[in-house]
Structure formats: structure tokens, C-alpha cells
Number of protein chains: 2
Amino acid sequence: MGKVTIKDVAREAGVSISTVSNALNNVDVLNPETKSHVLNVAKRMNYVPNLNGKQLKTGKTKMLGFFTTSVSGPYFYTLVESMARECDRLGYGLNVFVTRDKQVIMSNILGRRVDGVIIYEELRIDDEDVSMMMKEKIKAVFLDRFLENETMGSVIFDSFVAGYEATKYLISLGHKKIAYISGVDTMFDSVQRRDGYLEALREHQLLVDEDYVLQGYFEEEGTYNAVKSFLHMHPDKLPDAFLAGNDLSAIGCIRALKSHGFDVPADISVVGFDDIDIAQYFTPPLTTVRNQIARQGVLAIDHLVRMIQKKEQGKKQKLAGELVVRGSSQVKIQRNDLGQE
Amino acid sequence: MGKVTIKDVAREAGVSISTVSNALNNVDVLNPETKSHVLNVAKRMNYVPNLNGKQLKTGKTKMLGFFTTSVSGPYFYTLVESMARECDRLGYGLNVFVTRDKQVIMSNILGRRVDGVIIYEELRIDDEDVSMMMKEKIKAVFLDRFLENETMGSVIFDSFVAGYEATKYLISLGHKKIAYISGVDTMFDSVQRRDGYLEALREHQLLVDEDYVLQGYFEEEGTYNAVKSFLHMHPDKLPDAFLAGNDLSAIGCIRALKSHGFDVPADISVVGFDDIDIAQYFTPPLTTVRNQIARQGVLAIDHLVRMIQKKEQGKKQKLAGELVVRGSSQVKIQRNDLGQE
DNA sequence: TAGAATTATAAAAACGTTTTTATAAAAAGG
DNA sequence: CCTTTTTATAAAAACGTTTTTATAATTCTA
């Protein structure tokens, strides 16, 4: 015995298929008695509508897709949690695709598995695909990516300003030799933060030194290695402070510094980005620029749903970061300038 | 102009719908020339199959559902990441539903939105729903929940063995007086861990003392209080080591010990369970039994897919924990047995 | 070379819904 | 009372596929 369909309910209740459909979707065209009778029969038979049939007919799936390269780490889980909850609240489900396979991505998007999509920037959907999505009137919101395209939405963390402000903060503490630990150079956020950092340096006529831009890949391990090898290769160029591309990177940086006998923040200040939840538990607690990740997720979903339901145009939304001062940074201790080194 | 369908391709290519379908799904019944011609036309027209139509007809969605109360924190993101990747590898997508709404859950499961489901235990799907799922032949794997039901799969963390191994490890360090800080007595995991602990003690003919089983409720605060009051009431029974019911509990325990002037691990070793992400950042870094979360996810997905594709029966799988030795435990320092205390 | 078997394609049915259109019965209008 | 509206329900079409069945053309068999 297979699944009970609307047809079975109709037969059992002695009415037509359309009557059952109307009863279930409470269209007010029905005789109340008929309606409640049908509903009773449906309930008794444990009828549950087949969503594929429904979706095919209506062209709506009530599902949103999140396409990303990863969901690991505090950044992503905060994002996914906030998006999933917001979806649930709005009557949608969330489809998470962790993949780099363009084929998978496009066939799911264009195949109408979901009513709209959230795309994480690292996927770097190319222009051809974007224009394809545009032609098909796909509703999409990009995270952390700026798209010139006016039909697509985007929600980004203003990394340039964040980088700029974080650097200005370090300068205000009296630090002059400030190093930046870059993430992945193809990533918008990473580049923006670095540009903000460089801008602040220039504005204060401070040294802009190529050697002071390390490569940490947004990872603890990668940064740890990068900082260690930097200390090894340039023992004469010890910076006053490190601005790490994100908190994980800041943690890796601090570990590397500790392992070389430096104290953070007494000897060197370190500042990160994001304010992931570990940040406040780390020793020392991290000074960081908070990325309102959860808010970003909620904003993206809300916007996407409005684009779907209210045909709203794609907007560009920038979220400002917020400097959270904790224990990994402090005023530069001015040692005897002549005596040391 | 709407979406291009298989019908449009058929017209454009001058063949029938079924020929197009056969060409796309490379059924080898077609003349190779016809096939490549159709494929070319389809490509030129940017044809992408509508998945709803396909799903309705085939009855398969190539989607798996994950139903949970949360995706926050290291446990969940590790789980979701591993499941999503495994899904991708096997040609499935993952649907994540973060909700407690039974209505949402059941309508998505029974409405055949997904080919199979992974259900996180905290949802506590009741027996009625389980039997409903059984009747509908829903393929399901439960995480961290033991179901007597033979048609459903489950993957659980073997807390008994974890408790047993952790205790054996402490014994191997030379500890003899080992206390256990229990979680909540109604919870499976807590009881299992305690039983494993007791088993290990017995096996090594070590003291099994009622007083050495404290109540910490799986919480930092509760454990802190429990340990403090223990130290207060039994100053003569200072243990060599504490086995805490989970990492949070271990943290509370260490804090209590510190506040009494004890050093961990020099004076007393402490071991926890789970390996939450704070564990490695705490001072001292926690020795703990890691729940192999990623493996649990992969196992669950693999099993589920086999249940779907190979009609495999639901199995019960237990995963052994993995001891992660860090800084909160060390070899018992044998002080002069006669001189001290 | 007539009939059988094979090959390649087309036509039609089906999946389970919703929606549009048709029909029958009841109520209203004059 | 006979037409016109209104009301309640049924029938049919449609969504975009896959799959089953039918048909035509070719090749094989004896």
C-alpha cells in the first residue's frame, strides 16, 4: 500500500479532487459542512500533501538555498544558525549546499529547487553565471561580495572601514610598526581590510612596508607558521602590533608570539576581526572588530524573502563593524628609545 | 519569456519529448547522432531540467534532511560540515531545518521533500510519529538516540567506553583515588559514563567510594559548587584526579580546585568529555575524550544513503571516543608517602 | 522476399498537486 | 413559472518531467 494521495481522500470522502484541495487550502468557496467532513477524512487517513506535486504546480518550493564552501567555525555556524532560524520564522526551509562544484550549484539554482539563494562570496560565481541567473530572474543575495548588478542583493561587512578603524585604534595606542596578517587574497573581505589598514597608515604618514603584510589564510595554523617564519627571517623588524585578518588568525599570531617569548599585549598588541565566540575566552581576551554575523544572516534572509514575495529590488547593505577592546592590545610601552635594540 | 522546458528543446531540435529525455539521461537506445544533436540544442538553449517535475515523476529528490534544534557551537558545525560534504560527495544535497515545530518536521518528512532524514535526539520525536514514519517507510537515522525500532538507524557516541577509557587513562598515570562528577542522572550519556568509570575502577581493584561520585549537572556552576562543598566536607579524602561528566564540568572543577590553592595538573588531574572548542583554549588546556563528531556525521549519511539505495536495514552504530591528552592531566607525582598529610 | 526481429523515434500516460472551466442545483427576479 | 444569478461541486487541464506503449523503418531469417 503506497502513500495516500489527494485522490484517495477524495474517493473516501465521496467528493472530487478539487473539493479536497479547496478544503485543505481553506478556500472559502466551500460549504462549511463539506469542508469539515473532508478535513476529518483527510486527518483520519493521515493524509500529508506531497510537496513535489505541490511545488511543480505552484512553482514555489518555500525553500531557500545557502551555497557555500564551508560551514565550519564560529563565523559560519553563527551565520547558518541565524539564517535557519529566520527561515523557520518566515515559513521557509533552508537548503545548505557545501560544495565548490559549479554544476551542482547552477543546476540547483536554475532547476528551481529553491525560491531564492544566498551565496557566500568565496564561491566566486562568475559573471556569466550571474547574468544567467539574472535572465532567469533568480532571486539572490550575496554575502560579503559587492555586485554592481542591480537585480541582485548583497549584505556585506564593511571591511574597509573595519580595517581602517582597527588600524587607527592601534595608532592611537602609540604603535607605529603595525603588521597586517592577510587572509586569502582573492577574498573581498581580506583585501578590503588590508586596504583600510594601508589607508590608515598613509593618513598618519606611517611606514608602509611590504614585509609587514603576512599571509595567514584566515587560519590559526597558517598564521602561526607565517608569524613564526616572519620572526625568524626578520628579527630586526619586530612590529609594535599585529592586525590579524580575523580572530582565528589573531589566535594563531598570539600563539606564535608567545612561543617566541613575547607577551601579548605587554610587548606586542594584537587585534583581530569578527569577534567569534572564542574571542572572549582566549587568554588574553581578544580585542577585535565585531562583525555582526547573526544580524548579517537575518538581514540577508529578510531581504531575500522580500525580493521573492514583494518583488523588491536587490539592495546593497553594508554592516558597520564595532571595535571591542579587550585584553590583547594596550598602549605602547615606550622603552628607552636609545638604549634598547 | 519563461523558462525553457524540455518541450521547447524538443520543438527546437525537431524531435519528441521522450527523445530529449533519453538524450539527457544518456539512455543508450538513441542514435548517437540524434543524441549529440539534441544535447547541442539543449546546451545552446541553456536548458536546465526543472527538478520539481523530475522529482514528482521519479519520486526521488536526491536530498537528505537534517532536523535539529540548533546548529550553533562546535558540536553542530562539525556535524553539519561533515554531513554536508558527505552528501555532496554522494550526489545529495542537505536540507537543514532548525526548528522544534513538529508540524514543520513531519510535513517535510512525510511530504517527501527529502529521500531520507537525520534527526538529532534532542527533538525527541515521539513514538506515534516514529510509527507513522515506519508505516510510510521513511528512511531515518537518529543521532545520539537509541531506538529499539529495527527499521530506523542510529549513530551514537559510546559513553560507556568513553568513561571506561578515560578512567583507565587516569589509572595508567598512577592515580588511585579518582572521583567522578556526574551530569544529570536521567540522561543516558551521564549514566553510561559513570558506569564505564565504575567498571574501570573495579577491573583495577580500586576503591569504589560513594563519596567520590559528585553531582555537577553537566554545568560549570553546579560543578564548582559541588567540588567546593566536597573539599569542605572531606578534606581528608582529597582525590588524585577528577573525571568530570563533560568539559564544562571539568572547567568548573578546575576553577574550584584553583580557588582552594590546588594546582591542576601538578596536584590533581582533571579530565572531561566532548572536547568542546573552549577546551583547548582554557588554562590549562583540557584533557578530554573527544566525541568523533565528523565521523558520526559521515557514518550517519553513509548509512542513510545505503538504506535508501540498497534498501539496507536500519543499524545501530556506536562510535568510540578518542582521548585527547592536553595539559589538565599528568603522571601522579609520588610524594613521600609517609611524610605528607 | 514475406514475415519476424530489431532499431529508432514518437505518442501517450503518469506522478500529485492547483487552478481553470464546466455543470448542476438552488435561489432570486419579474 | 420561466429565466437569470448565485452557490456548491465536479471535471478537466496544467505544471515538467520520466516511463511505458505504440509506430514506423530497417535488418535479419529461412
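I will talk about how two protein chains, A and B, meet each other and two DNA strands, C and D, in this predicted model.

Let me begin with the contact between the chains. Chain A contributes 49 residues to it and chain B contributes 47, and the area buried between the two is about 4100 Å², with carbon and sulfur atoms giving 55% of that figure. On the side of chain B, the residues that lose the most area to chain A are B:Asn52, B:Arg113 and B:Tyr281, which together account for 17% of what that side buries.

What kinds of polar interaction does the rule find across this interface? There are 23 residue pairs in polar contact, counting pairs in which both residues are at pLDDT 80 or more, whereas the number of salt bridges found between chain B and chain A is 0. Looking at where the chain B side comes from, the elements that give two or more residues are H4, helix H5 (73-89), strand E2 (93-98), helix H6 (102-110) and helix H7 (127-135) of chain B, and the largest share, 8 residues, comes from H5(B). By class, that side of chain B divides into 19 nonpolar, 18 polar and 10 charged residues.

Strand E2 deserves a word of its own, since E2 of chain A, residues 93-98, is joined to E2(B) by 3 bridges, with the two strands running antiparallel. Within that pairing, A:Leu94 stands opposite B:Val96.

Now to the DNA, starting with strand D. This strand has 24 residues around it, and those that come nearest are A:Ser16, A:Thr34, B:Ile6, B:Ser21 and B:Lys57. Helix H2 (17-24) and helix H4 (51-58) of chain A, together with helices H2 (17-24) and H4 (51-58) of chain B, each supply at least two residues of the surface near strand D, and H4(B) provides the largest share of that surface, with 5 residues. In terms of class, the surface near strand D holds 8 nonpolar, 13 polar and 3 charged residues.

Which parts of strand D lie within 4 Å of the protein? Of the strand D atoms within that distance, 62% belong to sugar or phosphate, and the rest belong to bases. On the base side, a polar side-chain atom of A:Ser18 lies 3.0 Å from a base nitrogen of strand D, and an N or O atom in the side chain of A:Lys57 is 3.1 Å from a base nitrogen of that strand. On the phosphate side, a backbone N or O atom of B:Asn50 lies 2.9 Å from a phosphate oxygen of strand D.

Turning to strand C, 25 residues surround it, and the closest are A:Ile6, A:Ser21, A:Lys57, B:Ser16 and B:Thr34. Helices H2 and H4 of chain A and H2 and H4 of chain B each supply at least two residues of the surface near strand C, and here the largest share, 5 residues, comes from H4(A). That surface has 9 nonpolar, 13 polar and 3 charged residues.

For strand C, 62% of the atoms within 4 Å of the protein belong to sugar or phosphate, with bases making up the rest. Among the contacts to phosphate oxygens of strand C, a polar side-chain atom of A:Ser21 lies at 2.7 Å, a polar side-chain atom of A:Tyr47 lies at 3.0 Å, and from chain B a backbone N or O atom of B:Ser16 lies at 2.7 Å.

Conventions:
Residues are numbered from 1 along each chain as its sequence is written. Chains are lettered from A and ligands numbered from 1 in the order in which they are written. This is a predicted model: local features need pLDDT of at least 70, side-chain atom pairs count only at pLDDT 80 or more; totals for chains, interfaces and linings use all residues. Side-chain values use heavy atoms; hydrogens and water are left out. A residue is near a molecule or strand if one of its heavy atoms lies within 4 Å of it. A polar contact is a pair of N or O atoms within 3.5 Å; within protein, one must be able to donate a hydrogen and the other to accept it, and residues adjacent in sequence count only if both atoms are side-chain atoms. Helices (H or I, at least four residues) and strands (E, at least two) are DSSP runs, numbered from the N terminus. Ala, Val, Leu, Ile, Met, Phe, Trp, Tyr, Cys and Pro count as nonpolar, Asp, Glu, Lys and Arg as charged, and the others, Gly among them, as polar. Contact means heavy atoms within 4.5 Å. Buried area is the accessible area (1.4 Å probe) that two parts lose on being put together, summed over both. A salt bridge is a side-chain nitrogen of Lys or Arg within 4 Å of a carboxyl oxygen of Asp or Glu. Two strands pair if DSSP finds at least two bridges between them.
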